[in-house]
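Work through the exercises below with the model open beside you. Try each task before reading its solution.

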Amino acid sequence: MCGIVGYIGKRQVLPILIKGLKRLEYRGYDSAGVAFFHQEEIKLQKSVGRIQELEKKLDYSLSSHIGIGHTRWATHGKVTIMNSHPHQIGKITIVHNGIIENYLTLKKELESKGYLFQTETDTEVACALIDWIKKNNSSLKMVDVLNEAMKKLKGSYAIVVMVQDEQDKLYVMKKESPLVIGIGKEEYFVASDFSAYLDDTKDYIILEDNEIGVTSMDNVSIYQNGILKDYVVKTLNEEVEIATKGEQEHYMMKEIKEQSQLIQKWNTLYFDQKEKLPDITSYQRIHIVACGTAYHAGLIGKYLLEKNTDFEVNVYVASEYRYQKNFLDKNTLVIAISQSGETADTLACVKMAKEKGATTLGIINVYNSSIARVVDFVIYTHAGCEVAVASTKAYTSQVYVLGLLALEYQSKKEKKNTYQELPVKINKLMEYDYSTIVKHLYQKKDIFYLGRNIDYVSMLEGSLKLKEITYIHSESFPAGELKHGPISLIEEDTPVIALITHEETAAKTISNIKEVKARGAYVVLIIEDGIVDSIDKNCYDEVIYLPKTDEYTCPILSIIPLQLIAYYTAKKKNLDIDKPRNLAKSVTVE
Ligand code: G6P
């Protein structure tokens, strides 16, 4: 969600900005733009759509060594060139990620001072504010101008500023939206995350909230409240990688396939981190907070922990948790699950939990991300760089870690390692021919997913995958709830996908399938091998057998065919699988 890049150094700026923007594409965007100094003038270029569109407009022969770039994921105002960043007012040009919450109040104030706004964005208001403070306080240094602006801006922002009078500097300011400064040899890079310039430098300053950074060709300084402060340069090692698609057509397929190879790695790495965990037994309450796919992983975690340990676990959507009574105190352990480690709502929950005295544990994929830095304890999921917006391997890695936690604290102290055979089983599901099912699904408007208990949760995730990348409306229902409403939606040929992995609920779910089949549904049954003696062949149209498994590995195995059904259906529809419309990988605004 919005990507920011910046460069100052000896090299030509445009190729560097474009490279960085492309690396940040995964975050989700609908327009892009750059600004750069060329012969003492700030040049702007913007376009809607993909970065390739912006590239077509750029004149690479214009020499420049300092510039900024942005991919915009529209929040305030439509996807138009006018609303795209960079925004420029007076001597100030900026790119911004985040949301200025008080922009309407500021806009009114600035309008009364004579500013005319051309866009619907909050960013243009921030730009005007900086310009106004600068114009009216000619004795202030730019750092102090930005410091004054910070006092007035409410909300979240990562902003990079170019100033007409200062052609040898880039200014950055940050509150609650991520921003890093990469340090090269006589060159500096600015980016929303490390992945933009990993091949250029591994040395970074991670900006903290309310900090302002000033970079010139040969120096960087960090300020807080107008006062110069020391900073730490973090050197990244093998924890971060630059992702490539390899031989696959899409990142999503590459990431689905990787799941079987990652299991062994996860096993070793998790046990390396175990020592650093809090003593979970010392808490009275465990709350899991997360969004999207990570929330579904949390629900699986609840199931595994409650089934096998004596903990009661409650799972909350992060954007709701903040606004409800949540009983947070020092006896609460809050587990925040997040692939990116940047999700604004999840981050806000962690901060709130800490303020109220709770202990926080992050289950995070991206090394050194905002949530990873704020939590008291962190377990990295080591899924590697996930590029496709629809999360796959990050989800299974989260489920895996939660399973290991449940194993660790299980009440019956039996030693199990149920994960060893998982790679072979996953590969078996990869080989299944999904084409007949996909042919039935790809032109449909609605698809329903059914399951009971943990299978219902897996279906929530399966259904989310489908809607994210195929744009087909889909919903997951607890099979037992069918008769309380959803069954009225079943018509001739409505697709219903059902999952059965537990013996105790199998017979009941099979009855529910029969009910939809009797009303004309096209039923795809995904069922664990050998779970029932025999199934009436009339109750489904297609069946996928899951290799025999146990409760820990079952949610990992069950999600594979659901990920693949979503993937192949989107492929059949010829859609942009890795970058589905309107979605962002990293949701850095609330
Ligand atoms: C976005 C992504 C999802 C992800 C969710 C939470 O919606 O598109 O794939 O599950 O954010 O992200 P997180 O990085 O916190 O896991």
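**Exercise 1. Place a strand in its sheet.**

Task: Which strands pair with β12, and in which sense?

Solution. Start with β12 and strand β13 (residues 220–224): they pair in the antiparallel sense over five bridges. Strands here are DSSP runs marked E of at least two residues, helices are runs marked H or I of at least four residues, and both are numbered from the N terminus. Two strands count as paired if DSSP finds at least two bridges between them. Next, locate one bridge: G213 has I222 in β13 as its partner. A hairpin of four residues connects β12 to β13. Now turn to strand β8 (residues 166–175), which also pairs with β12 in the antiparallel sense, over five bridges. Here K174 stands opposite E211 of β12.

The model is predicted: local features need pLDDT of at least 70, side-chain atom pairs count only at pLDDT 80 or more, and totals for chains, interfaces and linings use all residues. Residues are numbered from 1 along each chain as its sequence is written, and side-chain values use heavy atoms, with hydrogens and water left out.

**Exercise 2. Check the cover on that strand.**

Task: Are the residues of β12 buried or exposed?

Solution. Fix the cut-offs: buried is under 20% relative accessible area, exposed is over 50%, and partly exposed lies in between (1.4 Å probe, protein chains only). Count along β12, residues 211–215: five of its five residues are buried. Then split the strand by face. E211, G213 and T215 lie on one side. I212 and V214 lie on the other. Both faces are covered.

**Exercise 3. Describe the ligand site.**

Task: Which residues come nearest to the ligand?

Solution. A residue is near the ligand if one of its heavy atoms lies within 4 Å of it. Of the 13 residues around the ligand, S338, Q339, S340, T343 and A584 come nearest. Now list polar contacts (pairs of N or O atoms within 3.5 Å; within protein, one must be able to donate a hydrogen and the other to accept it, and residues adjacent in sequence count only if both atoms are side-chain atoms).

- T293: a polar backbone atom is 2.9 Å from a ligand oxygen.
- Q339: a polar backbone atom is 2.7 Å from a ligand oxygen.
- S340: a polar side-chain atom is 2.6 Å from a ligand oxygen.

Finish with area: the ligand taken alone exposes 380 Å², and the protein buries 90% of that. Accessible areas come from the Shrake-Rupley method with a 1.4 Å probe; for residues, only the protein chains shown count as cover.

**Exercise 4. Inspect one loop.**

Task: Where do I81 and P86 lie?

Solution. I81 sits in the loop between β4 (66–72) and β5 (87–89). P86 is in the loop between β4 and β5. The peptide bond from H85 to P86 is cis, with omega near -5 degrees. I81 is partly exposed, at 39% relative accessible area. With V48 and V79, I81 makes a nonpolar surface patch of about 210 Å².

**Exercise 5. Look at two backbone angles.**

Task: What is phi at F327 and at N453?

Solution. Take F327: phi is near 55 degrees, positive in a residue other than glycine. F327 lies in the loop between α8 (318–321) and β18 (332–338). F327 counts as exposed, at 52% relative accessibility. Take N453: phi is near 55 degrees, again in a residue other than glycine. N453 lies in the loop between β21 (446–451) and α14 (454–470). N453 is partly exposed, at 45%.

Terms used. Patches are made of residues with over 30% relative accessible area and no salt bridge: like charges are joined within 9 Å, nonpolar side chains (Val, Leu, Ile, Met, Phe, Trp, Tyr) within 5 Å. A salt bridge is a side-chain nitrogen of Lys or Arg within 4 Å of a carboxyl oxygen of Asp or Glu.
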